[in-house]
Amino acid sequence: MVVAEDIYSLINYFSFIRWAFIGFTVAAIPYGRWKYPDLNRPFKVPLVLPIIFIAACMFVVGVSLYSAPVDCGIGLALTVAGVPVYYAGVWWQNKPMWVNNAIDNFTVAMQKLLMVVPQEKSTEEILKEDEAT
């Protein structure tokens, strides 16, 4: 668990990485226009809007790095710490049965602890119902 002296430190830890990822996500718009120009798009955004937004994100990230480099480093370290969890839980397809059982048991325990109810219908069932109507 992340322990911080106050809520502002905790916000600083993750706001830097949050704005960086938001900027990376919005950068997909001009990249997609350049890489796949003939792709059908439901709506087009003028390219000046994502470029201005990316510049604003870069400004926020830069100011965060300048004003609180230690907090940014802690946030980056916490984010990078999730990479092994991704590889162990998602990317690794042929896991032994005991690993799958451990992951399932951990999931159920966390659902009970946090009082989370699983979805009653799968996403596919919901989409099929929407298509039928």
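So, which residues make up the largest nonpolar core here? Keep in mind that this is a predicted model. The answer is a set of 5: Phe 16, Ile 17, Ala 20, Val 61 and Cys 72. Helix 1, residues 7-26, gives the largest share of that core, with 3 residues.

Staying with the stretch around helix 1 for a second, have a look at Arg 18. Its charged end sits over the ring of Trp 19, 5.5 Å from the ring centre.

Okay, on to the aromatics. How many aromatic pairs does the structure hold? There are 5, and I'll walk you through two of them.

One is Tyr 31 with Trp 34, and that pair is tilted: the centres are 5.9 Å apart, with 55° between the planes. Both residues belong to helix 2, residues 28-35, and they're 3 residues apart, so about one turn of the helix. Are these two buried or exposed? Well, Tyr 31 is partly exposed, at 44% relative accessible area. Trp 34 comes out at 63%, and because the cut-off for exposed is over 50%, Trp 34 counts as exposed.

The other pair is Tyr 86 and Tyr 87. What kind of geometry do they have? Edge-to-face, with 5.5 Å centre to centre and 70° between the planes. Tyr 86 is partly exposed, with a relative accessible area of 44%, and Tyr 87, at 42%, is partly exposed as well. These two tyrosines also join up with Trp 91, and Tyr 86, Tyr 87 and Trp 91 form one aromatic cluster.

That's my tour; go ahead and turn the model around yourselves.

Conventions: Residues numbered from 1 in each chain as written. Predicted model: local features only at pLDDT ≥ 70, side-chain atom pairs only at ≥ 80, totals over all residues. Heavy atoms only, no water. Core = buried A, V, L, I, M, F, W, Y, C linked by side-chain atoms within 4.5 Å. Buried < 20%, exposed > 50% of the residue type's maximum accessible area, 1.4 Å probe, protein only. Helix = DSSP H or I, 4+ residues; strand = E, 2+ residues; numbered from the N terminus. Phe/Tyr/Trp six-rings, centres within 6.5 Å; stacked < 30°, edge-to-face > 60°. Lys NZ or Arg CZ within 6 Å of the ring centre and 35° of its normal.
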